[in-house]
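Subject: Structure handover

Hello,

Here is the structure I promised to pass on. Please open it alongside this message, and read the notes below with the view on screen.

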Amino acid sequence: MKFKGNSKDCVMLGTKPMSGSRPYGFKGCTTFAKSFATLMTPEIQQTFGKILKIIMERFKLILVALMIFYLTGCAWTTLNTVKNPELSQVKFRKILIVAPFSDIGLRKQTENAFLTQFNLLGINAVPSIELIPPVKDYTEQDLLKILEQNNIDGVLVVALQDYWTSQVYIPKRSLSQGSASLFGNSLYYQSYTQEYGGYYISKPRVNFEIRLFDVQTGQVAWLATSLTRGNAFADYNTLVTSLAKEVVKKLNDENVIKK
């Protein structure tokens, strides 16, 4: 079997070299030799076309999934907790969420993130921004009266301890992709190379301390410290949502809260 491998032979076979293209298995020619093309029966062409279509569709799905994963903000939280042995049997039914931020936006965002997670478990909780708005000074008696009137038995204080970013270098790499198309008895293959990397990205890190106070005794019933790590696309909402999920889950797993 003899193959023809230059652009002149391609023209003689009734095809035109495609710009930026090369044939599958050939250099400098956009088509298989005519002697090989005669082996491509209609049945083989149809089967091969279906295989190519399936391969390309799966490749596109994988590519889209990878893009969504890397371009979406994600965060992971680790917790270390300890319970007060004197209050180990106490289970809290209604919790006041306190995020002591001077910035009202951050306070609302943090308290609402915890409120959402408590509600998902059916736990009764209230943001402090609603019961104790920062529009005036409150005495200890004022606060105790508010807690009693609203049947609050636990106060969860979520306090920011530290925030920083971690610089990560993304090595420079290249990714080659290709596609094949079948036209009649001719198979065309195109490829291109995409370069990425060669730069630094910043990943946020944040530490919180979380204390759950027993209103009746004034003691800390449960204490946790946390480290939340986000990817390069994580914002504060992503970080605090991850924190809230883990804290509420831990409180539930350790039988500290009750419906």
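**A pocket and its lining**

The residues that line the second largest pocket divide into 10 nonpolar, 2 polar and 3 charged. That pocket holds about 320 Å³ of space. Its lining has 15 residues, and the closest to the pocket centre are L96, I132, L143, L147 and V155.

Which elements supply at least two residues each of that lining? They are β3 (94-98), α6 (140-149), β5 (154-170) and β8 (199-214). Helix α6 gives the largest share, with 4 residues.

A word on the general idea: rolling a probe the size of a water molecule over the atoms shows where empty space is left.

**The chain as a whole**

Please keep in mind that this is a predicted model. The protein chain has 7 helices and 9 strands. It runs to 259 residues, and 33% of them count as buried. About 16,200 Å² of the protein chain is exposed. Carbon and sulfur atoms supply 55% of that area.

Now take the contacts in the protein chain with a separation of 6 or more. Residues 24 or more positions apart account for 72% of them. Two examples of residues far apart in sequence come further down.

**Salt bridges**

How many salt bridges does a search of the whole structure find? The search finds 3. As background, side chains of opposite charge can pair when their charged atoms come close.

- E111 and R107: the closest N and O atoms of this salt bridge are 3.2 Å apart. Both residues sit in helix α4 (residues 104-120). They are 4 residues apart there, so about one helical turn separates them. Both E111 and R107 are buried.
- E209 and R211: these side chains meet in a salt bridge at 2.8 Å, N to O. E209 is partly exposed, with a relative accessible area of 22%. R211 is partly exposed too, at 29%.
- D253 and K249: this salt bridge has an N to O distance of 2.9 Å. Both residues lie in helix α7 (residues 236-253), 4 residues apart, which is about one turn of the helix. D253 has a relative accessible area of 44% and is partly exposed. K249 is partly exposed at 48%.

**L156, in strand β5**

Is L156 buried or exposed? L156 is buried, with a relative accessible area of 0%. The cut-off for buried is under 20%, so L156 meets it. Its place is in strand β5.

Look next at what surrounds L156. Leaving out residues up to four places away in sequence, L156 touches I95, L96, I97, V98, F114, F118, I210, R211, L212 and L251. One of these contacts, R211, also takes part in the salt bridge with E209. Another, L96, is among the residues closest to the centre of the second largest pocket. The C-alpha atoms of L156 and V98 are 5.9 Å apart, although 58 residues separate the two in sequence.

**N124, in strand β4**

N124 is found in strand β4 (residues 124-127). At 41% relative accessibility, N124 counts as partly exposed.

Which residues is N124 in contact with, leaving aside its neighbours within four places in sequence? They are R93, K94 and I95. N124 and R93 are 31 residues apart along the chain, yet their C-alpha atoms are separated by 6.4 Å. I95 also appears in the contact list of L156.

**Two asparagines with positive phi**

Most residues other than glycine have a negative phi. Two asparagines here have a positive one, and both are easy to find in the view.

- N151 has a positive phi of about 55° although it is not a glycine. N151 is found in the loop between α6 and β5. At 60% relative accessibility, N151 counts as exposed.
- N255 has a positive phi of about 60° and is not a glycine either. N255 lies in the segment after α7. At 46% relative accessibility, N255 counts as partly exposed.

Both elements beside the N151 loop, α6 and β5, also supply residues to the lining of the second largest pocket.

Best wishes

Conventions. Residues numbered from 1 in each chain as written. Predicted model: local features only at pLDDT ≥ 70, side-chain atom pairs only at ≥ 80, totals over all residues. Heavy atoms only, no water. Buried < 20%, exposed > 50% of the residue type's maximum accessible area, 1.4 Å probe, protein only. Contact = heavy atoms within 4.5 Å. Areas by Shrake-Rupley, 256 points an atom, 1.4 Å probe, with all protein chains shown as cover. 1 Å grid on protein atoms, 1.4 Å probe; cavity = no way out; pocket = protein on both sides within 12 Å on 5 of 7 lines; lining within 4 Å. Points joined across faces, edges and corners; volume = space filled by probe spheres on them. Nonpolar A, V, L, I, M, F, W, Y, C, P; charged D, E, K, R; others polar. Salt bridge = Lys/Arg side-chain N within 4 Å of Asp/Glu carboxyl O.
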